[in-house]
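Hi,

Here is the structure I promised to pass on. Have a look at it first, and then read on for what turned up when I went through it.

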Amino acid sequence: MTIHPITIWGEPVLHTRAKPVPEFDQDLRTLIEDMYETQEAARGVGLAAPQIGVGLRIFTWHMANEDGVPELGHVINPFVKASKPSDGEPDREHESEGCLSFPGYSFPLRRGQHATVTGYDWDGNELNFEATGEFARCMQHEYDHLNGFLYVDRLGQRWKKKAKKVIKEEGWDGPGHTWLPGTDTDPFGHDDEDAEEPASS
């Protein structure tokens, strides 16, 4: 298995709708195993194929949940249907998201508390499950990646302005930026034992 560099905001593959997986073969299984390895090294709760530069409709997760879904999993050619988020401003403490492709930052975003996920596993078996709470948030976050969006695209006006400022300051307004989990300094501070772990995917 191989740990891949993670693409950062500005890379075209992150802003382009991913293509359906055409064949369920050994190459696909190897890709997903690499995604698991990369996700683990990055200490992320999820990872979409475009985040490692592959424009295919696949995402993985590693997240405990109360929905009876395996903690470690993947879905190919998924469809995620989420409930409507409740009205009002998101809570900065309990509704913030992070993203491995917008490394080192987190912003508040309200998501639907329930999501239905359908798709296939690498053997071509159909998947169909319900996700709630933070697990539903993860499913929506990863699905957005497959449609060419990052969570910062969904932020309210106040937080979107802050995200745009970050993009300018970090120089992420163009392609060519990546970071390598397990080699580069962890942008979310996981290397610091006292650091607070944000939800990142």
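One definition before we start: a residue counts as buried when its relative accessible area is under 20%, as exposed when that value is over 50%, and as partly exposed in between. Please also keep in mind that this is a predicted model.

With that cut-off, serine 101 is an easy case: its relative accessibility is 0%, so it counts as buried. You'll find serine 101 in the loop between S5 and S6. Its side chain makes a polar contact of 3.1 Å with the side chain of glutamine 51.

Now for the salt bridges. How many does a search of the whole structure find? The count is seven. As background, side chains of opposite charge can pair when their charged atoms come close.

Let me start with arginine 29 and aspartate 123, whose side chains meet in a salt bridge at 2.7 Å, N to O. Arginine 29 sits in helix H1 (residues 26-42), while aspartate 123 belongs to the loop between strand S7 (114-120) and strand S8 (126-132), so this pair ties together parts that are 94 residues apart in sequence. Arginine 29 has a relative accessibility of 25%, which means that it counts as partly exposed.

Next come arginine 110 and glutamate 95, with a salt bridge of 2.8 Å, N to O, between their side chains. Here two loops are involved: arginine 110 is in the one between strand S6 (106-108) and S7, and glutamate 95 is in the one between S4 and S5, so the pair ties together parts that are 15 residues apart in sequence. If you want to find that second loop, strand S4 covers 72-82 and strand S5 covers 96-98. Is glutamate 95 buried or exposed? It is buried, because its relative accessible area is 13%. The side chains of glutamate 95 and arginine 110 are also listed as a polar contact, again at 2.8 Å.

Then there is arginine 111, which forms a salt bridge with aspartate 144; their closest N and O atoms are 3.0 Å apart. Arginine 111 lies in the loop between S6 and S7 and aspartate 144 in helix H2 (residues 133-146), so parts that are 33 residues apart in sequence are tied together by this pair. Arginine 111 has a relative accessible area of 5%, so it is buried. Aspartate 144 counts as buried too, with a relative accessibility of 5%. This bridge belongs to something wider: salt bridges that share partners join Glu97, Arg111, Glu134, Arg137, Asp144 and Arg154 into one network.

On the surface, have a look at the positive patch formed by Arg92, Arg158, Lys161, Lys162 and Lys165. One of these residues, lysine 162, lies in helix H3 (residues 157-170). Its relative accessibility is 40%, so lysine 162 counts as partly exposed.

A couple of backbone angles caught my eye as well. Most residues other than glycine have a negative phi. Arginine 43, though not a glycine, has a positive phi of about 55°. You can find arginine 43 in the loop between H1 and strand S2 (46-48), and its relative accessible area of 42% makes it partly exposed. Asparagine 77 is not a glycine either, yet its phi is positive, at about 50°. Asparagine 77 is placed in strand S4, and it is partly exposed, with a relative accessible area of 22%.

Finally, here are two pairs to check by distance. Isoleucine 3 is in the segment before strand S1 (6-7), and it is partly exposed at a relative accessible area of 32%. Its C-alpha atom is separated by 7.7 Å from that of leucine 180, although the two residues are 177 residues apart along the chain. The other pair involves proline 22, in the loop between S1 and H1. Proline 22 counts as exposed because its relative accessibility is 71%. Between the C-alpha atoms of proline 22 and arginine 57 the separation is 9.9 Å, and the two are 35 residues apart along the chain.

Over to you!

Note on methods
Residues numbered from 1 in each chain as written. Predicted model: local features only at pLDDT ≥ 70, side-chain atom pairs only at ≥ 80, totals over all residues. Heavy atoms only, no water. Patch = residues over 30% accessible without salt bridge, like charges linked within 9 Å, V, L, I, M, F, W, Y side chains within 5 Å. Areas by Shrake-Rupley, 256 points an atom, 1.4 Å probe, with all protein chains shown as cover. Salt bridge = Lys/Arg side-chain N within 4 Å of Asp/Glu carboxyl O. Lys, Arg positive; Asp, Glu negative; His and termini not counted. Charge placed at Lys NZ, Arg CZ, Asp CG, Glu CD. Helix = DSSP H or I, 4+ residues; strand = E, 2+ residues; numbered from the N terminus. Buried < 20%, exposed > 50% of the residue type's maximum accessible area, 1.4 Å probe, protein only. Polar contact = N/O pair within 3.5 Å; in protein donor to acceptor, adjacent residues only side chain to side chain.
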